[in-house]
Amino acid sequence: MTTHTAKSTKKMMKEDELMVFLTKAETWFEKNWRIVAYIAGAAVVVTIIIVFMKMSRASANRDAGFELAEARSFLNRAEYGTATEKLTALIKRRKGTEVADEAQLTLARVKLVEGKSDEAEKQFRDFLKENGKGLKGIAAANGIAIALENQGKQKEAYEMFRKVYTMDPKGASAPQALLDAARISLLMNDHEKAKESALALIREFPQSTLRTQADEILQRTGR
């Protein structure tokens with residue numbers, strides 16, 4: 001390791017330690033600022049401290065965002081090994097942050113691209129346990145469904161695509177989830193389930209660009 005690299009690593013470690021400290025201190029001050037203000041008689045000072053900590057945290061998150069962008073650039077160039085190394089290091093250093101969550105999802109997607117669907121499934125499931133709500137939870141559930149399908153586990157994949165739909169039945173991911181559920185049902189020769197999902201797509205999202213594909217599935221099921 002060169003002297004420059006060693007210094008950079010030490011600098012990043014110090015920045016990560018500072019970020020953890022600032023986050024904990026910020027939370028403590030937000031909960032106890034009135035007590036501090038009463039004792040010190042200077043509420044304005046406490047407010048300034050909190051603002052400073054928020055700005056410092058925002059700066060740290062911005063730096064982490066640059067690291068994530070760098071890792072994704074390697075992924076875009078199909079340099080999966082380097083991308084994996086960058087993402088793994090980022091997750092370890094920034095654990096508990098929004099950027100670390102994004103890095104975890106990206107790392108699981110790398111496994112999918114590499115054809116390591118079993119590993120991808122595990123990573124998506126681990127993520128879903130910790131982030132079961134919102135768009136990130138939906139993304140993880142969808143990743144699980146794709147990984148299951150890639151492994152030939154069609155029934156489980158169907159159930160997971162239906163879960164993606166139920167997690168946000170009016171959301172942007174719902175039409176694709178319904179179409180995938182219908183498509184897999186057709187592959188399993190379960191025409192009733194295929195018809196159910198395709199009809200749900202047409203009924204709930206009549207303006208969707210996926211409607212044509214849903215109609216094709218219906219035709220193949222004999223409506």
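**Exercise 1. A positive phi between α8 and α9**

N189 sits in the loop between α8 (174-187) and α9. Task: in this predicted model, state what phi N189 has and whether N189 is buried or exposed.

Solution.
- Step 1. Read the backbone angle: phi of N189 is near 60°, a positive value in a residue other than glycine.
- Step 2. Take the relative accessibility, which is 62% for N189.
- Step 3. Compare with the cut-off: exposed means over 50% relative accessible area. N189 therefore counts as exposed, at 62%.

**Exercise 2. A positive phi between α2 and α3**

Task: locate A78, give the phi of A78 and classify the accessibility of A78.

Solution.
- Step 1. A78 belongs to the loop that runs between α2 (43-76) and α3 (80-93).
- Step 2. The phi of A78 is positive, about 65°, although A78 is not a glycine.
- Step 3. The relative accessible area of A78 is 44%. Partly exposed covers the range between under 20% (buried) and over 50% (exposed), so A78 is partly exposed at 44%.

**Exercise 3. The overall fold**

Task: describe the secondary structure of the protein and say what share of the residues counts as buried.

Solution.
- Step 1. Count the elements: the protein has 10 helices and zero strands.
- Step 2. Write them in sequence order, which gives the pattern α-α-α-α-α-α-α-α-α-α.
- Step 3. For burial, 39% of the 223 residues count as buried.
- Step 4. For the surface, the accessible area is about 13,300 Å², and 56% of this belongs to carbon and sulfur atoms.
- Step 5. For the contacts, take those between residues at least 6 apart in sequence; 49% of these join residues at least 24 apart.

**Exercise 4. Two residues of helix α2**

Task: for L68 and F66, decide which is buried and which is exposed, and find what L68 touches.

Solution.
- Step 1. Place the residues: L68 lies in helix α2, and F66 is in helix α2 as well.
- Step 2. L68 has 7% relative accessibility and so counts as buried.
- Step 3. F66 has 56% relative accessibility and so counts as exposed.
- Step 4. Leaving out residues up to four places away in sequence, L68 touches L87, L90, V99, E102, A103 and T106.
- Step 5. Check one of these partners by distance: L68 and L90 are 22 residues apart along the chain, and their C-alpha atoms are separated by 7.4 Å.
- Step 6. Do the corresponding check for F66 and V99: they are 33 residues apart in sequence, with 9.7 Å from C-alpha to C-alpha.

**Exercise 5. Salt bridges**

Task: give the number of salt bridges, then analyse the pairs of K111 with E114, E196 with R162, and E204 with R203.

Solution.
- Step 1. Side chains of opposite charge can pair when their charged atoms come close.
- Step 2. The salt bridge rule asks for a nitrogen to oxygen distance within 4 Å, and the count comes to 17 salt bridges.
- Step 3. K111 and E114 form one of them, with the closest N and O atoms 3.9 Å apart. K111 counts as buried, at 10% relative accessibility, whereas E114 is partly exposed, at 28%.
- Step 4. E196 and R162 also meet in a salt bridge, at 3.9 Å from N to O. This pair links distant parts of the chain: E196 is in helix α9 (residues 191-204) and R162 in helix α7 (residues 154-167), 34 residues apart. E196 is partly exposed at 43%, while R162 counts as buried at 18%.
- Step 5. The side chains of E204 and R203 form a salt bridge at 3.4 Å, N to O. E204 is partly exposed, at 26%, and R203 counts as exposed, at 57%.
- Step 6. Look for shared partners: such salt bridges join K111, E114, K116 and E119 into one network.

**Exercise 6. The second largest pocket**

Task: give the volume of the second largest pocket, list the residues that line this pocket and sort them by class.

Solution.
- Step 1. Rolling a probe the size of a water molecule over the atoms shows where empty space is left.
- Step 2. The second largest pocket holds about 190 Å³ of space.
- Step 3. The lining consists of I91, K95, G96, T97, A100, D101, Q104, D126, F127, E130 and N131.
- Step 4. Assign helices: α4 (98-113) and α5 (117-130) each supply at least two residues of this lining.
- Step 5. Sort by class: the lining has three nonpolar, four polar and four charged residues.

Note on methods
Residues are numbered from 1 along each chain as its sequence is written. This is a predicted model: local features need pLDDT of at least 70, side-chain atom pairs count only at pLDDT 80 or more; totals for chains, interfaces and linings use all residues. Side-chain values use heavy atoms; hydrogens and water are left out. Helices (H or I, at least four residues) and strands (E, at least two) are DSSP runs, numbered from the N terminus. Buried means under 20% relative accessible area, exposed over 50%, partly exposed in between (1.4 Å probe, protein chains only). Contact means heavy atoms within 4.5 Å. Accessible areas come from the Shrake-Rupley method with a 1.4 Å probe; for residues, only the protein chains shown count as cover. On a 1 Å grid over the protein atoms alone, a cavity is a set of points where a 1.4 Å probe fits but cannot get out, and a pocket is an open set with protein on both sides within 12 Å along at least five of seven lines; lining residues have an atom within 4 Å of a point. Grid points are joined across faces, edges and corners, and a volume is the space filled by probe spheres set on the points. Ala, Val, Leu, Ile, Met, Phe, Trp, Tyr, Cys and Pro count as nonpolar, Asp, Glu, Lys and Arg as charged, and the others, Gly among them, as polar.
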